[in-house]
Amino acid sequence: MRIVIAGGHGQIALRLERLLAARGNEVAGIIRKAEQGDDLREAGAEPVLLDLESASVEEVAAHLRGADAAVFAAGAGPGSGAARKDTVDKGAAVLFADAAVLAGVRRHVVVSSMGADANHQGDDVFDVYQRAKGEADDHVRGLDALDWTILRPGALTNDAGTGLVRLEAHTGRGPVPRDDVAAVVAELLETPATAGLTLELVAGSTPVSVAVKAVAGN
């Protein structure tokens, strides 16, 4: 498969790029800074220089054409203010999904956030983030031209992945290593029967491949 990842230099994305490239896929990662390119090449991915906060839907679609799947793994990051939650966590996610529709790329996986909700209350930056992610998820779920899966991990850690997870519509809160989030995304991409599902993910006791097959109904 050819897979294009938004937020290609993110911590989950770099792990995902290594996994996908090792499986023989052709991977491209969208990045904002040219100096990030070497890290992507080292991970086995082709860097694509594009700013999702200023690009048009046509510009993004041009980089998606010919892909078999798209993954949105971008984020404004913990140090950013409320304004960038709106332009990245919501705006870029909406733009990327619309561009996938325009490019004819049906398979679409979103790395969202546990608790994402368009109706989330509060004015703290994290509240704005949860609303932005929820609004973006709602937009993606409204696009009939996409075979979308939305993944909502719990609290992300840099602990070594165990390959053991809990993946369900509702898991309850908990931590999950970024390694295991990337492994689940890679498995979701190879499991088209997970289209149409919004899934929560935390550390657990079920091997990743088994957990994904279970939610896919296999």
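**A walk through two cores and their surroundings**

Ala-82 touches Val-125 and Val-128, leaving out residues up to four places away in sequence. The model shown here is predicted. Ala-82 belongs to helix H4, residues 82-103. Is Ala-82 buried, partly exposed or exposed? Ala-82 is partly exposed, because its relative accessible area is 32%, and the partly exposed class runs between the 20% and 50% cut-offs. Asp-127 is also worth locating from here. Its C-alpha atom is separated from that of Ala-82 by 9.0 Å. Along the chain, the two residues are 45 apart.

Next come the nonpolar cores. In soluble globular proteins, nonpolar side chains tend to be buried together. The largest nonpolar core in this model has 34 residues. Which members touch the most other members? They are Ile-5, Val-71, Leu-151 and Val-184. Helix H6, residues 178-189, gives the most to this core, with eight residues. Another core lies apart from it, with 33 residues. Among them are Ala-93, Ala-100, Val-110 and Val-140.

Ile-5 deserves a closer look. Its contacts, not counting residues up to four places away in sequence, include Val-71 and Ala-73. Ile-5 also touches Val-27, Ala-28, Gly-29 and Ile-30. Further contacts of Ile-5 are Ala-13, Leu-16, Glu-17 and Leu-20.

Those last four lead to helix H1. Helix H1 covers residues 11-22, 12 residues in total. From its first C-alpha to its last, H1 reaches 17 Å, close to the 16 Å expected at 1.5 Å a residue. Buried positions in H1 are Ile-12, Ala-13, Leu-14, Arg-15, Leu-16, Glu-17 and Leu-20. An α-helix has 3.6 residues a turn, so residues three or four places apart point the same way. After H1 comes Gly-24, with a positive phi near 90 degrees.

Glu-17 is the charged residue to inspect in H1. It is buried yet has no salt bridge. Where is the nearest side chain of opposite charge? That side chain belongs to Arg-18, 7.1 Å away, while a salt bridge needs the atoms within 4 Å. Beyond four places in sequence, Glu-17 touches Ile-5, Gly-8, Val-27, Gly-29, Leu-40, Ala-43 and Ala-45.

The last stop is Pro-175, in strand S9, residues 175-177. Pro-175 is partly exposed, because its relative accessible area is 47%, and exposed means over 50%. Setting aside neighbours within four places in sequence, Pro-175 is in contact with Ala-155, Thr-157, Val-202 and Ala-203. Leu-102 is 36 Å from Pro-175, C-alpha to C-alpha. In sequence, these two residues are 73 apart.

Key:
Residues numbered from 1 in each chain as written. Predicted model: local features only at pLDDT ≥ 70, side-chain atom pairs only at ≥ 80, totals over all residues. Heavy atoms only, no water. Core = buried A, V, L, I, M, F, W, Y, C linked by side-chain atoms within 4.5 Å. Buried < 20%, exposed > 50% of the residue type's maximum accessible area, 1.4 Å probe, protein only. Helix = DSSP H or I, 4+ residues; strand = E, 2+ residues; numbered from the N terminus. Contact = heavy atoms within 4.5 Å. Expected span 1.5 Å × (residues − 1). Lys, Arg positive; Asp, Glu negative; His and termini not counted.
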